[in-house]
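Student: Got a minute to go through a structure with me? I'd like to start with the cysteines and then wander from there.

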Amino acid sequence: MDCETDEELLELVERARKYTDQGKVASYIPALERAEQNDLSLALYYTDGKCLKAGDVEKKFTLQSVSKVLALALAIMDRGENEVFQKVGMEPTGDPFNSIAKLETQIPAKPLNPMINAGALVVSNMISGTSIHEKLGRLLALVHDMTNNSSIDIDLEVAKSEFETAHLNRSLCYFMKQHGIVEGDVEELIELYTKQCAIQVTCYDLARIGMILANKGTDPKTKRKILPERIATIVKTFMVTCGMYNASGEFAIQVGIPSKSGVSGAILSLVPPSLGIGVYGPSLNEKGNSIGGVKLLEMLSQRYDLSIF
Ligand code: DON
């Protein structure tokens with residue numbers, strides 16, 4: 001991969017790495033516990049093809065909740081905006097990503113947004129295909145197109161580990177099935193969702209996905225429209241309002257870069273119109289966001305004046 005190490009970025013990574021001791025690697029999905037707490041890396045990918053990196057950007061990790069952005073884009077392409085947003089809302093929550101509380105107080109039991117687990121499960125349920133294999137294949141094809149990397153696949157060990165322990169996500173599904181928001185077989189949906197979350201990438205891949213979103217869904221190299229501009233706009237907006245869960249407001253103020261985190265320590269970020277950013281740091285803060293990654297994005301935003309606001 002044609003990506004140069006940048007000394008200034010490396011200095012920021014080393015400064016942010018100091019915070020990784022203060023967090024914890026996710027353990028509720030047992031296979032994620034293998035990650036190394038002090039890892040921290042960053043890749044920047046620009047629309048003109050330039051790529052800068054700092055740290056071990058070739059290291060692989062799973063998308064986890066970052067996959068929610070891509071699954072949402074695919075579900076809207078498949079079903080259209082109206083159908084998708086009949087089943088999932090557009091409003092942020094002040095609750096943790098896996099909370100069930102609001103489902104009981106909202107009537108109908110429609111999840112507040114597609115970036116929390118309940119909403120993401122509903123969205124995955126709307127991806128078109130006659131089998132899990134086909135639905136997942138279509139999601140992977142989108143990831144391959146956005147990253148220009150067709151070798152990306154699923155980490156089956158992580159998927160299995162989550163499938164065996166996803167009791168809370170099953171509860172969300174059964175609750176929503178009772179209320180007619182989720183349809184079909186819950187075990188199949190959990191298999192699809194856990195495999196979607198276990199798509200394995202590098203920071204470089206994340207940065208390229210960010211760059212395509214920053215460029216309104218079009219690959220600047222081939223000029224191919226991978227996503228309609230409207231769908232790119234919708235997912236970027238969710239990244240701002242809900243991408244960092246119940247830390248999205250503070251993150252918007254301190255960093256101001258549209259971002260989506262995952263419990264693997266992944267953060268997908270972008271600065272319109274020309275920059276995609278991929279961050280990996282598995283040590284998490286209490287809200288489930290990469291502690292070093294958030295610090296690093298804060299420093300990056302300040303140093304290069306990247307806030308979109
Ligand atoms: O459903 C879960 O719990 C995980 N597969 C993904 C959660 C996640 O990444 C939340 N991120 N901060």
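Student: Okay, how many disulfides are there by the distance rule?
Tutor: The count comes to one disulfide. Bear in mind that this is a predicted model.

Student: Which cysteines form the disulfide, and how far apart are the sulfur atoms?
Tutor: Cys-3 and Cys-51 form it, with their sulfur atoms 2.1 Å apart. The pair links distant parts of the chain: Cys-3 sits in the segment before β1 and Cys-51 in strand β4, 48 residues apart.

Student: Is that disulfide left-handed or right-handed?
Tutor: Left-handed, because the torsion about the S-S bond of Cys-3 and Cys-51 is about -65°.

Student: And are Cys-3 and Cys-51 buried or exposed?
Tutor: Cys-3 is buried, and Cys-51 is buried too.

Student: What about Cys-203, why is there no bond to the closest cysteine sulfur?
Tutor: The closest cysteine sulfur belongs to Cys-3, and at 9.6 Å from the sulfur of Cys-203 it is too far for a bond. The cut-off for a disulfide is sulfur atoms within 2.5 Å. Cys-203 is buried, with a relative accessible area of 0%.

Student: Where is the nearest cysteine sulfur for Cys-242?
Tutor: In Cys-197, 17 Å away, and Cys-242 is in no disulfide. Cys-242 also counts as buried, at 4% relative accessibility.

Student: Switching to the sheet. What's the strand order?
Tutor: Six strands form an open sheet, in the order β1-β4-β3-β9-β8-β7, and the pairing is mixed. The edge strands are β1 (4–5) and β7 (259–261), each of which pairs on one side only.

Student: Which helix packs on the sheet, touching β1?
Tutor: Helix α1, residues 7–17. Besides β1, helix α1 touches β3 (41–46) and β4 (51–54), and its direction makes about 35° with that of β4.

Student: Now β9. In what sense do β8 and β9 pair, and over how many bridges?
Tutor: Strand β8 (residues 266–271) and strand β9 (residues 275–280) pair in the antiparallel sense, over six bridges. They form a hairpin with three residues between them. Within that pairing, Leu-270 stands opposite Gly-276, and Leu-268 has Gly-278 as its bridge partner.

Student: And what joins β9 to β3?
Tutor: Six bridges, with β3 and β9 running antiparallel. Gly-278 turns up again here, as the bridge partner of Ala-43.

Student: How many residues of β9 are buried?
Tutor: Six of its six, so to speak a mostly covered strand by the under-20% relative accessible area cut-off. Leu-275, Ile-277 and Val-279 point one way from β9, while Gly-276, Gly-278 and Tyr-280 point the other way. That fits the general pattern: in a regular strand the side chains alternate between the two faces of the sheet.

Student: What's going on in the loop between β8 and β9, where Pro-273 is?
Tutor: A cis peptide bond joins Pro-272 and Pro-273, with omega about 5°. Most peptide bonds are trans, and most residues other than glycine have a negative phi.

Student: Which residue in the loop between α10 and α11 has a positive phi?
Tutor: Lys-223, with phi about 65° although it is not a glycine. Lys-223 lies in the loop between α10 (203–214) and α11 (229–242), and it is exposed, with a relative accessible area of 64%.

Student: And what is the phi of Asp-305?
Tutor: Near 55°, a positive value in a residue other than glycine. Asp-305 is in the segment after α13 (291–304) and is exposed, with a relative accessible area of 66%.

Student: Last topic, helix α8. How far apart are its end C-alpha atoms?
Tutor: They are 17 Å apart. At 1.5 Å a residue, the 12 residues of α8 (residues 167–178) should span 16 Å, which agrees.

Student: Which residues of α8 are buried?
Tutor: Asn-169, Arg-170, Leu-172, Cys-173 and Met-176. Seen down the axis of α8, the buried residues fall within an arc of 160°, so they line one face of the helix.

Student: What covers them?
Tutor: The cover includes α4 (101–105), α5 (117–124), α7 (156–165) and α9 (186–197). The face of α8 turned away from the buried side carries the exposed residues His-167 and Gln-178.

Student: And what follows α8?
Tutor: α8 is followed by Gly-180, whose phi is positive, near 75°.

Technical notes. Residues numbered from 1 in each chain as written. Predicted model: local features only at pLDDT ≥ 70, side-chain atom pairs only at ≥ 80, totals over all residues. Heavy atoms only, no water. Pairing = 2+ DSSP bridges. Helix = DSSP H or I, 4+ residues; strand = E, 2+ residues; numbered from the N terminus. Contact = heavy atoms within 4.5 Å. Axes fitted to C-alpha atoms, helices over the stretch in contact; angles between N-to-C directions. Buried < 20%, exposed > 50% of the residue type's maximum accessible area, 1.4 Å probe, protein only. Expected span 1.5 Å × (residues − 1). Arc of directions from axis to C-beta.
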